[in-house]
Amino acid sequence: MLPLRTVLERVEREYPGHVIDVELEREHENKLEPWVSRIKFLRSGSGLVKLKVDARTGAVIESEERSGAETERGPRLVIGEAERAADAHTDC
C-alpha cells in the first residue's frame, strides 16, 4: 500500500485543489478486496470533487464532480485534519 502522502501527490497533479476529507477503507469490508482511499477536495471555480483511489497503486478508480452551487455547505474538516491523517497513514 502506498503512503497517503504519495497517493495525494499523484492525485493532485491531475486534480489540483484543497483536500478536505480522506478515508481509507476496504471496498466491501472483505479481506480479499483492495484498500481504497476516498478523497474529497475543493477545486477553485468548479466545486467539490470526490475520488475513489486504489491505495496500492494510486490509480483513480472513480471520480465525481459537483458544481459550486451544489456544495454551499462547505468542508467538513477542520483545517489541518487531512494533513494529520496523511501523517498517521505514513506510519503504517
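Which strand does Leu 24 lie in? Leu 24 lies in strand β1, and that makes a handy place to step into this predicted model. At 36% relative accessibility, Leu 24 counts as partly exposed, because buried would mean under 20%. Now look across to Leu 4: the two residues are 20 apart along the chain, and their C-alpha atoms are separated by 9.0 Å.

Let's step back for the layout. The chain has two helices and four strands, and from the N terminus on they come in the order α-β-β-β-β-α. Of the 92 residues, 29% count as buried. Take the contacts between residues at least 6 apart in sequence, and 39% of them join residues at least 24 apart.

Before going further, a word on confidence. The mean pLDDT of the chain is 77, with 68% of the residues reaching 70 or more. Among the elements, β3 has the highest mean pLDDT, at 92, while helix α2 (residues 81–90) has the lowest, at 55. Over residues 70–80 the pLDDT is below 50, and this stretch has 12 contacts in the model beyond near neighbours in sequence. Keep that in mind when you look at the C-terminal part of the picture.

Back to the other end, then, and helix α1. Leu 4, Val 7, Leu 8 and Val 11 are the residues to pick out here, as they are buried in α1. If you look down the axis of the helix, its buried residues fall within an arc of 95 degrees, so they line one face of α1.

Where do those side chains go? In soluble globular proteins, nonpolar side chains tend to be buried together. Here, the largest nonpolar core has 12 residues: Leu 2, Leu 4, Val 7, Leu 8, Val 11, Tyr 15, Val 22, Ile 39, Phe 41, Val 49, Leu 51 and Val 53. At least two residues of this core come from each of α1, β2 and β3. The largest share, four residues, is supplied by α1.

Two members of that core deserve a second look, Tyr 15 and Phe 41. The structure holds one aromatic pair, and these two residues form it: their rings sit edge-to-face, 6.2 Å centre to centre, with 65 degrees between the planes. The pair links distant parts of the chain, since Tyr 15 is in the loop between α1 (4–14) and β1 (18–26), whereas Phe 41 is in strand β2 (residues 35–43), 26 residues apart. Are the two partners buried or exposed? Tyr 15 counts as buried because its relative accessibility is 12%, and Phe 41 counts as buried because its value is 2%.

Stay on β2 and move to Ser 37, which also has its place in that strand. Ser 37 is buried, with a relative accessible area of 2%. Which residues does Ser 37 contact, leaving aside its neighbours within four places in sequence? They are Leu 4, Glu 23, Leu 24, Leu 51, Lys 52, Val 53 and Ala 55. Leu 24, where we came in, is one of them, and so is Leu 4 from the buried residues of α1.

From β2 the next stop is β3. These two strands pair in the antiparallel sense over eight bridges. Within that pairing, Lys 40 has Lys 50 of β3 as its bridge partner. The hairpin of β2 and β3 has three residues between the strands, and Gly 45 takes a positive phi near 85 degrees there.

Strand β3 (residues 47–54) has seven of its eight residues buried, so it is largely enclosed by the rest of the structure. On to its pairing with strand β4 (residues 60–66): these two strands are antiparallel as well, over six bridges. Following the bridges along, Leu 51 stands opposite Ser 63 in β4, and Leu 48 has Arg 66 of β4 as its bridge partner. Five residues come between the strands in the hairpin of β3 and β4, where Gly 58 takes a positive phi near 85 degrees.

To pull the threads together, look once more at β3. This strand pairs with β2 and with β4, supplies at least two residues of the core, and has the highest mean pLDDT among the elements.

Technical notes: Residues are numbered from 1 along each chain as its sequence is written. This is a predicted model: local features need pLDDT of at least 70, side-chain atom pairs count only at pLDDT 80 or more; totals for chains, interfaces and linings use all residues. Side-chain values use heavy atoms; hydrogens and water are left out. Rings of Phe, Tyr and Trp (its six-membered ring) pair if their centres lie within 6.5 Å; planes under 30 degrees apart count as stacked, over 60 as edge-to-face and the rest as tilted. Buried means under 20% relative accessible area, exposed over 50%, partly exposed in between (1.4 Å probe, protein chains only). Contact means heavy atoms within 4.5 Å. The arc is that of the directions from the helix axis to the C-beta atoms. Two strands pair if DSSP finds at least two bridges between them. pLDDT is the predictor's confidence in each residue, from 0 to 100. A nonpolar core is a set of buried Ala, Val, Leu, Ile, Met, Phe, Trp, Tyr and Cys residues joined through side-chain atoms within 4.5 Å.
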